[in-house]
Amino acid sequence: MTTAVLRPIVIGLLATLLSTSCSEKAKPEEGELAAAASTQPATPPEKVLPDTLDEALKTEFRTEENKARDAYRHPKETLEFFGLKPNMSVVEITPGMGWYSEIIGPYVAKSGKFYAAQPQPGDNPMMKKYIDGYNEFLSKNSEIKGTVVEFKAGEPLATSEPVDMIVTFRNIHNWMGKGPEGAQAAFKTFYASLKSGGVLGVVEHRESAKKKQDPKAKSGYVKESEVIKWAQKAGFKLDKKSEINANPKDTKNYPKGVWTLPPNFAEGEATKAKYVAIGESDRMTLRFVKP
């Protein structure tokens with residue numbers, strides 16, 4: 001075979017060898033693949049949504065710190081008293097940092113709807129802190145599919161349709177602080193936002209029936225008779241009341257108001273043991289129905 005004939009064959013063989021070598025070098029080694037994978041942010045696994053209220057109390061949506069308050073707040077008994085069902089559309093009014101949202105949101109996520117109604121914080125730094133913290137809670141728990149709507153006392157909530165249930169926990173004294181019509185306007189909003197037959201569930205620090213009501217509830221305590229009056233004036237019917245959250249140890253006569261008791265301990269560490277022994281405040285638990 002002549003040199004002229006061999007030359008193209010040799011060139012072809014060399015080209016094939018070079019191509020194969022480059023191809024082999026282009027393939028990453030197992031170690032390289034593992035290193036690359038380790039630099040990618042891990043997607044957290046989805047949290048499991050509960051089917052029962054008992055399961056909702058134990059989910060990873062709840063913090064251990066919040067679970068520890070169950071002995072004082074009786075969430076299972078309270079929500080059963082209100083009549084909460086997993087297929088309901090539910091609004092929690094001004095939910096703070098989400099103590100009850102951690103239970104209600106996951107419980108209705110599969111077949112119901114969950115809304116949080118928040119006021120505009122304005123120049124109130126504490127309210128802004130709560131709202132920012134709550135928004136972070138919802139973003140970290142996207143499985144809840146929670147929707148935030150604006151709460152403006154006196155105006156209907158911007159839900160997609162009238163809802164089955166509205167709940168509010170220890171908020172009424174704050175509305176009273178805004179003036180004589182503050183609480184009444186809030187109940188007007190609740191009535192306008194519920195469907196016929198819908199339920200309003202209320203838990204609030206309870207003032208002694210023998211005391212005169214401070215119009216601005218500076219101590220944080222509200223007379224049960226006042227709450228019933230506002231609700232009935234708005235159009236609600238008192239369906240029933242419960243002593244689930246009663247605390248006869250609460251004397252309701254603290255210089256720094258209800259915030260003296262757990263979990264706030266307004267007087268500091270020096271008297272903490274004394275107030276731990278009393279526990280959280282004495283609370284009314286009321287169930288109203290929109291006719």
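A residue is called buried when its relative accessible area is under 20%, and exposed when that value is over 50%. With these words in hand we can begin inside this predicted model, at strand β5, which spans residues 194–205 and is mostly covered, since nine of its twelve residues are buried.

The partners of β5 come next. On one hand, β5 pairs with strand β4, residues 163–169, in the parallel sense over six bridges, and within this pairing V163 has L194 in β5 as its bridge partner. On the other hand, β5 is joined by seven bridges to strand β7, residues 283–289, and these two strands run antiparallel; here the bridge partner of E204 is M284 in β7. Strand β7 also pairs with β6, again in the antiparallel sense, over five bridges, and K240 stands opposite R287 in β7.

These pairings belong to an open sheet of seven strands, whose order is β3-β2-β1-β4-β5-β7-β6 and whose pairing is mixed. The edge strands are β3, residues 147–150, and β6, residues 237–242, each of which pairs on one side only. Neighbouring strands of the sheet are turned against each other by 20° on average, if direction is ignored.

Helices lie across parts of this sheet. Helix α11, residues 224–234, lies across β5, β6 and β7 and runs at about 15° to β7, whereas helix α8, residues 125–140, lies across β2 and β3 and runs at about 165° to β2.

Helix α8 deserves a slower look. From its first C-alpha to its last, this helix of 16 residues reaches 23 Å, close to the 22 Å expected at 1.5 Å a residue. Its buried residues are M127, I131, G133, Y134, F137 and L138. Because they cover an arc of only 165° around the axis, these residues lie on the same side of α8. The buried residues of α8 pack against α7, residues 101–108, as well as against β2 and β3, while P125, K129, S139 and K140, on the other side of the helix, are exposed.

Finally, a careful reader asks how confident the predictor is. The mean pLDDT of the chain is 89, and 85% of its residues reach 70 or more. Among the elements of the chain, β7 has the highest mean pLDDT, 99, and helix α1, residues 3–26, has the lowest, 43. Over residues 1–26 the pLDDT stays under 50, and for this stretch the model has two contacts beyond four places in sequence.

Note on methods. Residues are numbered from 1 along each chain as its sequence is written. This is a predicted model: local features need pLDDT of at least 70, side-chain atom pairs count only at pLDDT 80 or more; totals for chains, interfaces and linings use all residues. Side-chain values use heavy atoms; hydrogens and water are left out. Buried means under 20% relative accessible area, exposed over 50%, partly exposed in between (1.4 Å probe, protein chains only). Helices (H or I, at least four residues) and strands (E, at least two) are DSSP runs, numbered from the N terminus. Two strands pair if DSSP finds at least two bridges between them. Axes are lines fitted to C-alpha atoms, for helices over the stretch in contact, and angles run from 0 to 180 degrees between N-to-C directions. Contact means heavy atoms within 4.5 Å. pLDDT is the predictor's confidence in each residue, from 0 to 100. The expected span of a helix is 1.5 Å times one less than its number of residues. The arc is that of the directions from the helix axis to the C-beta atoms.
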